[in-house]
Amino acid sequence: MANLGTSLCCVVLAAVVVAYAQRRSQLVARNQYERMGSDVTMKCGFLEDDASVSWKVNGTDVRAQHRLDGPRLVLTHVDLGHNGLYSCFQNPLGERRDTIILRIGTIPREPVVSCRSNTYPKGFYCSWHLLHPTNIPTEFQVEVQHNMRVLDVQKDHVHKNKIHVLFPEVFSSFPYRVNVTATNALGSASYAISFEESSIVKPDPPERVVATPIPSNVRRLEVSWTSPSSWPEVDSFPLKYFLRYRPLIKDQWQHVELSESTSHTITDAIAGKEYIIQVAAKDTEIGTWSDWSVAVHATPWMDQPKQITSTTDTSDPLLETKPSPQPASAEPRYGVTPVGGAYIPLPFSTPLLVGAVLLLSMW
Ligand SMILES: *[C@@H]1O[C@H](CO)[C@@H](O)[C@H](O)[C@H]1NC(C)=O
Ligand SMILES: *[C@@H]1O[C@H](CO)[C@@H](O)[C@H](O)[C@H]1NC(C)=O
C-alpha cells in the first residue's frame, strides 16, 4: 500500500513538473519594442477576441491611462515610464497567459561619424556616436569603400563604436567612403562620409616631454621629447613640431615651429619664473596638428634660490622639472635591465612594457 502510494505520488509529481515546464516555455517573457509617444497595443497570447483578461505591470495594477479591448491592453502616448513587465491573466480563473517586457525607445537618427589616421601610412580608424539616445539596444554596421572595393574592417578591442582599417595603398587619390548604419527594433538610419587619405592624418601628441634648467643660465630651458610611439615610420614619414611655452603667471603663449628636431632650447625665459611647456606634432606634408602633449613645468636655473618665492611648494627649484607620466610598470623594470645590452626575458612581455623598457634603456 505504501509502495503504491509512493509511486502514485511520483507519477503525479512528474506530471506536475512536465506541465509546469510546458507552461513556463509558453510563458517566457517576450520583448515588445514601441516608439516613444505612440499608442501601444499588447495582446494576451493567442486568446480569442471575446476572452476576458486582467493585466498587471511589475506585479501590480496598471495605473497608467489605458483601455481594455478583449485580450488586448491599449496604452496611449507611451513614454519611458511605461516600461515594465506586463502579465495578463484569463478570467475567471486568473491563469497567467502571457508575459511581455515593454520597452519604449526611438528610431536611431543619423550617427555622427569621424575618421582619423594617427598611424599613417599604416591605417586609420573611424568612430561614431548617436546625438540622441534610443533607449533600446542599437547595433551599428560599418562599410568602408575605396576605389570600388569594400575594405576589411577590424573592431576595436576596447571601444564599441570604433573600427580600424588598413590603407590598401599609399598616396592614393581615390576617396574613401565610410557608411555607418544604426539599427534597432524600431528602424535604422545611415550616415556616409567621404574623404581623401591626406585630410585625415593627425598624429598623436609627442611623448616623454622633458624640460631642464641649464646650470648658470637664468634665461634658458632645454626641452626635449620623442615622436609619438604610434607613428610607425618616423624616418620615411617625418614629423615637424610646434612648441609653446609661457610663465605660469602670464596668459600669453610663445610659439616655435621646428622641422624634425626633437629638442629646443628656450633662450628668452624670464629669470626665476616657473614655465609651462607643451609640444604638438604634424606630418611634414599632409594632415593637421596633433593635440598638445602633456604639459611639463620647469623653472630656469637660479643663483640664490632661497630669495625667490616659488609658485610651487618645492623648495629646490632645480627639482621642479616634471616629466610626463610614464607607464607605472616600466620604472621598476629599469633597475633589473642589465646595462649594456642583452635583455633578460621579461615575464610579462606585453608590447607596451617591452616598448617602454626599450625606450628607457635608450634614454
Ligand atoms: C517596472 O519596473 C521597472 C524596473 O524596476 C521600472 O523601471 C519601471 O518603471 C516599472 N514600470 C512601471 C509601469 O511601474
Ligand atoms: C549605407 O548603408 C546602408 C545599409 O547597407 C544603405 O541602406 C545605405 O544606402 C548606404 N548609404 C549610402 C550613402 O551609401
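This report describes the strands, cores, ligand surroundings and backbone geometry of one predicted protein model.

**Overall composition**

The protein contains three helices and 23 strands. Of its 363 residues, 19% count as buried. Among contacts with a separation of 6 or more, 64% are between residues 24 or more positions apart.

**The five-stranded sheet and ligand 1**

Five strands form an open sheet with mixed pairing, in the order β1-β8-β7-β3-β4. Its edge strands, β1 (30-35) and β4 (60-61), each pair on one side only. Within this sheet, β3 (residues 53-57) and β7 (residues 84-90) run antiparallel and are joined by five bridges. Ser54 has Phe89 in β7 as its bridge partner.

The shell around ligand 1 consists of Val57, Asn58, Gly81, His82, Asn83 and Gly84. In terms of class, one of these residues is nonpolar, five are polar and none is charged. Val57 falls within the range of β3 and Gly84 within that of β7.

**The four-stranded sheet and ligand 2**

A further open sheet has four strands in the order β12-β11-β15-β16, with antiparallel pairing. Because β12 (149-151) and β16 each have a single partner strand, they stand at the edges, and one side of each is left without a neighbour in the sheet. From one strand to the next, the twist averages 25°. Strands β11 and β12 run antiparallel and are joined by three bridges; His146 stands opposite Arg149 in β12.

Ligand 2 is surrounded by Glu143, Asn179, Thr181, Ser190 and Ala192. Two or more residues of this shell come from each of β15 (176-184) and β16 (187-195). The class count for the shell is one nonpolar, three polar and one charged.

Glu143 belongs to strand β11 (residues 138-146). This residue counts as partly exposed because it has 14 C-beta neighbours inside 10 Å, a number between the limit of 12 or fewer for exposed and that of 20 or more for buried. Beyond its neighbours within four places in sequence, Glu143 is in contact with Val150 and Asn179. The C-alpha atoms of Glu143 and Val180 are separated by 6.5 Å, although these residues lie 37 positions apart along the chain.

**Strand β18 and the nonpolar cores**

Strand β18 (residues 221-226) has two faces: Leu221, Val223 and Trp225 lie on the covered one, and Glu222, Ser224 and Thr226 on the uncovered one. β18 is joined to β17 (residues 207-213) by five bridges in an antiparallel arrangement, with Val223 as the bridge partner of Ala211. β18 also pairs with β21 (residues 263-266), again in the antiparallel sense, over four bridges; here Glu222 stands opposite Thr265.

Which residues have the most contacts inside the largest nonpolar core? They are Leu221 and Ile277, in a core of 19 residues. At least two core residues are supplied by each of β17, β18, β19 (239-247), β22 (275-283) and β23 (296-298). The largest share, five residues, comes from β22. Ile277 touches Val209, Ala211, Val223, Tyr245, Ala295, Val296 and Ala298, residues up to four places away in sequence not being counted. A second, separate core has 12 residues, including Phe124, Tyr176, Val178 and Val201.

**Backbone geometry in the loops**

Most residues other than glycine have a negative phi, and most peptide bonds are trans. The following table lists sites that depart from this pattern.

| Site | Backbone feature | Location |
|---|---|---|
| Asn91 to Pro92 | cis, omega near 0° | Pro92 in the loop between β7 and β8 (95-105) |
| Tyr120 and Pro121 | cis, omega about 5° | Pro121 in the loop between β9 (112-119) and β10 (123-129) |
| His77 | positive phi, near 50° | loop between β6 (72-75) and β7 |
| Asn135 | positive phi, near 70° | loop between β10 and β11 |

His77 counts as exposed because it has 12 C-beta neighbours inside 10 Å. Asn135 has 16 C-beta neighbours inside 10 Å and therefore counts as partly exposed.

Note on methods: Residues numbered from 1 in each chain as written. Chains lettered and ligands numbered in written order. Predicted model: local features only at pLDDT ≥ 70, side-chain atom pairs only at ≥ 80, totals over all residues. Near = placed C-beta within 6 Å. Nonpolar A, V, L, I, M, F, W, Y, C, P; charged D, E, K, R; others polar. Pairing = 2+ DSSP bridges. Contact = placed C-beta atoms within 7 Å. Axes fitted to C-alpha atoms, helices over the stretch in contact; angles between N-to-C directions. Core = buried A, V, L, I, M, F, W, Y, C linked by C-beta atoms within 7 Å.
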